[in-house]
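Let's take a friendly walk through a protein–DNA model. Here are the sequence and the structure to keep beside you as you read.

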There are 2 protein chains.
Amino acid sequence: MTYHHGDLRAALLSQARCAVDADGEAGLSLRGLAAAVGVSPNAPYRHFPSKEALLAALSAQGFAELTGRFATCSDQVGTDRLIGYLSAYLGFARENPGLYRLMFGRSLAPLSCDPALGEQSQACFRSLMSLIAAVWDLDETDDRVPRGAAQVWSMCHGAALLDIDQAIAFLPEDRRPTASDLAATIVGGLRP
Amino acid sequence: MTYHHGDLRAALLSQARCAVDADGEAGLSLRGLAAAVGVSPNAPYRHFPSKEALLAALSAQGFAELTGRFATCSDQVGTDRLIGYLSAYLGFARENPGLYRLMFGRSLAPLSCDPALGEQSQACFRSLMSLIAAVWDLDETDDRVPRGAAQVWSMCHGAALLDIDQAIAFLPEDRRPTASDLAATIVGGLRP
DNA sequence: ATTTAAATGTTGACATTGCACACATGGTTG
DNA sequence: CAACCATGTGTGCAATGTCAACATTTAAAT
């Protein structure tokens with residue numbers, strides 16, 4: 001191995017992503033990351049000004065990936081598209097619980113750490129808004145679009161956490177809301 | 001001040017609650033708590049086996065309070081009751097952002113720390129289920145009740161985070177979902 | 001090509017933290 | 001009064017984030 005790692009920044013992010021999904025955000029130390037990648041404890045500071053900044057970069061990566069998943073459903077139309085987005089969202093959360101938690105589990109702090117994070121999360125929300133605009137056939141600038149998107153995001157986020165968290169594990173898995181359940185509620189309300 | 005504090009346990013919890021709403025969960029150290037209350041750094045260990053356990057107890061307290069807020073709306077009926085619950089939920093989150101984040105921001109770990117936490121969070125969910133059962137006029141044991149409650153909780157949780165987090169601060173405050181908005185969606189779906 | 005500057009990685013050190021141990025204190029009970 | 005035990009104190013240790021000084025490699029400039 002050379003003195004220079006090659007692409008330490010990417011290696012750290014990759015390792016962090018594994019670790020965060022395995023041990024959760026709590027069991028993630030900068031020193032441990034460095035050791036796992038095979039560099040000295042302080043090497044990460046050449047690529048991230050702080051641990052927060054690394055976590056912020058990881059979050060941004062997560063938002064970008066989620067936005068990408070949305071994009072794959074963009075060719076569908078009507079309710080199918082809605083269900084596609086919901087499935088993509090729930091699927092992402094289920095497959096990357098630690099990362100998902102990281103993305104939404106902290107407040108503004110990381111935003112000021114990494115402007116890219118703000119950019120990516122906004123892009124993600126914009127993608128949601130374009131979904132709403134398309135489903136309702138509204139102009140993107142219509143005031144009702146962001147309002148609707150916020151509610152859809154609310155439902156997604158809550159359902160994703162229900163799925164990830166053991167906080168409500170007493171609710172059997174087959175009773176947790178599915179993408180179709182959410183879509184039905186959005187379209188026609190919640191009914192018995 | 002006497003050698004014995006009197007009710008150190010309660011004092012610690014109270015102080016922790018202030019600190020968590022002020023500085024967030026990150027800026028909360030056992031040692032700092034002890035200092036703020038005026039005892040030695042290790043005194044808390046006589047009342048909580050670990051930091052996690054203290055946080056778990058605080059969470060449990062939060063769930064109990066939230067359940068209490070639900071109870072004050074129990075005399076209302078129909079949609080009014082639904083709106084009451086939603087307002088209570090959003091109000092609690094807005095008034096105690098740090099605590100709310102603590103309650104929902106961690107996975108199962110605290111549950112195993114403090115059985116009371118599991119008990120309280122379950123009681124909270126049961127309260128939500130009884131709301132659903134009443135609004136829909138269903139038997140409490142009906143399978144559709146927990147499913148509906150899970151969806152309502154999803155919406156509440158997402159909306160609460162939208163309100164608390166600056167992660168989507170770019171959404172103007174007056175466009176964020178209100179309790180009435182959520183109620184309308186639940187009753188009749190999300191419409192433009 | 002040689003020199004020089006910038007980028008990257010290493011080492012040592014320090015403050016903070018959660019936590020474990022042994023010990024001190026003081027109210028309670030026989 | 002004496003013994004006990006819950007409660008609080010002190011010391012100490014390992015892990016962690018971060019800073020400062022130094023080493024090495026690569027790239028740029030002359």
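This report looks at how the two protein chains relate to each other and then at the surroundings of one DNA strand. Please keep in mind that this is a predicted model.

**The two chains**

Start with the protein. Chain B is superposed on chain A by a rotation of 180 degrees with 0.0 Å of shift along its axis, and the RMSD is 0.1 Å. That is the relation of a two-fold axis. The same surface serves both copies, since 100% of the contact residues of chain B recur in chain A. To find the axis on your screen, look for Gly189(B): among the residues of chain B, its C-alpha comes closest to the rotation axis, at 1.7 Å.

**Around DNA strand C**

Now turn to the DNA. DNA strand C is surrounded by 22 residues, and the closest are Ser40(A), Asn42(A), His47(A), Arg31(B) and Asn42(B). Of the strand's atoms that come within 4 Å of the protein, 47% belong to sugar and phosphate. The residues of the surface near DNA strand C divide into 8 nonpolar, 9 polar and 5 charged.

Which atoms of DNA strand C do polar side-chain atoms of His47(A), Arg31(B) and Tyr45(B) lie close to? The table gives each partner and its distance.

| Residue (polar side-chain atom) | Atom of DNA strand C | Distance |
|---|---|---|
| His47(A) | phosphate oxygen | 2.7 Å |
| Arg31(B) | base nitrogen | 2.5 Å |
| Tyr45(B) | phosphate oxygen | 3.0 Å |

His47(A) and Tyr45(B) are thus listed with a phosphate oxygen, while Arg31(B) is listed with a base nitrogen.

How values were computed. Residues are numbered from 1 along each chain as its sequence is written. Chains are lettered from A and ligands numbered from 1 in the order in which they are written. This is a predicted model: local features need pLDDT of at least 70, side-chain atom pairs count only at pLDDT 80 or more; totals for chains, interfaces and linings use all residues. Side-chain values use heavy atoms; hydrogens and water are left out. Copies are superposed by least squares on the C-alpha atoms of residues with pLDDT of at least 70 in both. Contact means heavy atoms within 4.5 Å. A residue is near a molecule or strand if one of its heavy atoms lies within 4 Å of it. A polar contact is a pair of N or O atoms within 3.5 Å; within protein, one must be able to donate a hydrogen and the other to accept it, and residues adjacent in sequence count only if both atoms are side-chain atoms. Ala, Val, Leu, Ile, Met, Phe, Trp, Tyr, Cys and Pro count as nonpolar, Asp, Glu, Lys and Arg as charged, and the others, Gly among them, as polar.
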